[in-house]
Number of protein chains: 2
Amino acid sequence: MNLSLQIKMNEKLFLRNPEETDLGRQIILNSIVLIHKVGFELFTFKKLAEKIGTTEAGIYRYFENKHRLLVYIVSWYWSWLEYKVMVHTNNISSPEIKLKKIIEILATQVKDDVQTKHVDEQLLHEIVRMEGAKAYLTRHVTDDNKQRLFKPYKDLCTAIAVIILECNPKYKFPRSLSSTIIEMAHYQNFFMRNLPALTDFGGIKDDRKVIAFLEDLVFASLFPAKRK
Amino acid sequence: MNLSLQIKMNEKLFLRNPEETDLGRQIILNSIVLIHKVGFELFTFKKLAEKIGTTEAGIYRYFENKHRLLVYIVSWYWSWLEYKVMVHTNNISSPEIKLKKIIEILATQVKDDVQTKHVDEQLLHEIVRMEGAKAYLTRHVTDDNKQRLFKPYKDLCTAIAVIILECNPKYKFPRSLSSTIIEMAHYQNFFMRNLPALTDFGGIKDDRKVIAFLEDLVFASLFPAKRK
DNA sequence: TTTATGTGATAGTAATACTATCAAAAAAAA
DNA sequence: TTTTTTTTGATAGTATTACTATCACATAAA
């Protein structure tokens, strides 16, 4: 059996669907490699075109601008992650163990998945860690949100919030805790590698440290001590 | 008594100290207004120059590029915030009440401070909420960090971590919890206003909701229930 | 075999992100 | 007070970015 994972993307994200043509898939594949290499600020369609062996105009036929392309690949990542979370948790009955598994998935370095051919998930994970927030930290968040560009992120957040409520139906902030876990899984990892004074994981650079912190945070919140 | 707050900035941040000249202070003042208005992406030195009534070249004499200027004003904000935290907590003996006060300061909409004339702290707070992360989410974090550009942020983080340890000397992740509080005070607020599905505060838009969430998160972590 | 679709090649434009030069004005030093 | 230094304003110029437009060719679908 040779299943391949197909993620249906929001049509507002592109002008022409990149998954349907060879050039389109090259754009996705190489934009991930290039953004990973030079960072989003220095990433341009011209450089991408040169890398692929096409022209700038060719890329503009697929994406309106580089921000849309970023939102596209970041959204793809969130969708893929939600799928991955589903696969790895749907046979687990205990919501607490589910949540631990999710934290592990969020905070662990991805090994490249074989299921998709034109996306390098490991690079993509590293991109999302550094550039992910730039997808929504803009003046046009509200417009972008109205076009449902952030639906995959919100869906993942909701899915985790549901499990949080399974752990403790009385917990008051399931969504905020969920978005906190997602963001911090990336940020603490970024801090650990780049601004270690902002973490307690010194020069260690071990994903498990971040996982330990997040587990402590989440389960302390979900099963609090009785206080006056 | 007419005290004015003077924050000593890292000299690597600028080419010429903007606090020492009239034009320099105009640059700081107006860059805050302009970045707040158009967002960092669309902010250019040309627009800033036109607003001030000087030339592009004039601004380049003070700042190497717009990213450095962003780091400058964001750093100023963190220094100012640490000072504010200090002032509002040094007469409090209970570390728990201190921590609550800090959370309140971090998550509450700033009213413009009278202490500084050439900075609008309220606008600056809103800028940091949306653009703050862009100061360090770059390919050159490591270099910037070596030049100590992020010291004010790290100092604030450390100051809060110290108080966290006063609350519970055995808590294992004081710095990570501290950076989590700082980041989430901004992010949950940003989400509440722009992507409310990522929070539990629907259309309410009340800072106190974010404060309640953060307090719950922090104190549950610091005073956990005993679990197997 | 016509027609539609996708691509490559080329050209062009307005704006961005700078750097360089020069002279006038203002401030500091002699 | 005069000289010297510092700061600013004005102008010019360059490479790159972020696009848009056009045309012809190749290929695939009708």
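Visitor: By class, how many charged residues does the surface near DNA strand D have?
Guide: A residue is near a strand if one of its heavy atoms lies within 4 Å of it. Ala, Val, Leu, Ile, Met, Phe, Trp, Tyr, Cys and Pro count as nonpolar, Asp, Glu, Lys and Arg as charged, and the others, Gly among them, as polar. On that division, the surface near DNA strand D has five nonpolar and five polar residues, and the charged ones number seven.

Visitor: What kind of model is this?
Guide: Residues are numbered from 1 along each chain as its sequence is written, while chains are lettered from A and ligands numbered from 1 in the order in which they are written. Local features need pLDDT of at least 70, side-chain atom pairs count only at pLDDT 80 or more, totals for chains, interfaces and linings use all residues, and side-chain values use heavy atoms, leaving out hydrogens and water, in what is a predicted model.

Visitor: Which element gives the largest share of the surface near DNA strand D?
Guide: Helices (H or I, at least four residues) are DSSP runs, numbered from the N terminus. Among the 17 residues around strand D, those that come nearest are A:Tyr60, A:Asn65, B:Thr54, B:Arg61 and B:Tyr62. The largest share, three residues, belongs to residues 56–60 of chain A, which form helix 3.

Visitor: Which side chain of chain A lies 3.2 Å from a base nitrogen of DNA strand D?
Guide: Sugar or phosphate holds 49% of the strand D atoms within 4 Å of the protein, and bases hold the rest. A polar contact is a pair of N or O atoms within 3.5 Å; within protein, one must be able to donate a hydrogen and the other to accept it, and residues adjacent in sequence count only if both atoms are side-chain atoms. The side chain of A:Tyr60 comes 3.1 Å from a sugar or linking oxygen, and that of B:Arg16 comes 3.4 Å from a phosphate oxygen. The base nitrogen is reached by a polar side-chain atom of A:Glu56.

Visitor: How far is the side chain of A:Tyr62 from a phosphate oxygen of DNA strand C?
Guide: The 16 residues around strand C include A:Arg16, A:Thr54, A:Arg61, A:Tyr62 and B:Tyr60, which come nearest. Of the strand C atoms within 4 Å of the protein, sugar and phosphate make up 47%. A phosphate oxygen is 2.8 Å from an N or O atom in the side chain of A:Arg16, and a sugar or linking oxygen is 3.1 Å from one in B:Tyr60. For the polar side-chain atom of A:Tyr62, the distance to a phosphate oxygen is 2.6 Å.

Visitor: How much area is buried between chain A and chain B?
Guide: Contact means heavy atoms within 4.5 Å, and the contact takes 57 residues from chain A and 56 residues from chain B. Buried area is the accessible area (1.4 Å probe) that two parts lose on being put together, summed over both. Carbon and sulfur atoms give 62% of the total, which is about 4,700 Å².

Visitor: How many salt bridges does the rule find across the interface of chain A and chain B?
Guide: A salt bridge is a side-chain nitrogen of Lys or Arg within 4 Å of a carboxyl oxygen of Asp or Glu. The two chains have 23 residue pairs in polar contact, with both residues at pLDDT 80 or more. Across this interface the number of salt bridges is zero.

Visitor: Is A:Arg68 buried or exposed?
Guide: A:Arg68 sits in helix 4 (residues 66–89) of chain A, and its side chain reaches the backbone oxygen of A:Lys12 at 2.9 Å. Beyond its neighbours within four places in sequence, its contacts include A:Phe63, A:Asp144 and A:Leu149. Buried means under 20% relative accessible area, exposed over 50%, partly exposed in between (1.4 Å probe, protein chains only). Because its relative accessibility is 10%, A:Arg68 counts as buried.

Visitor: What is the phi of B:Arg148?
Guide: Most residues other than glycine have a negative phi. B:Arg148 lies in the loop between helix 7 (141–146) and helix 8 (151–167) of chain B, and is exposed, with a relative accessible area of 52%. Its phi is positive although the residue is other than glycine, with a value near 65 degrees.

How values were computed. Helices (H or I, at least four residues) and strands (E, at least two) are DSSP runs, numbered from the N terminus.
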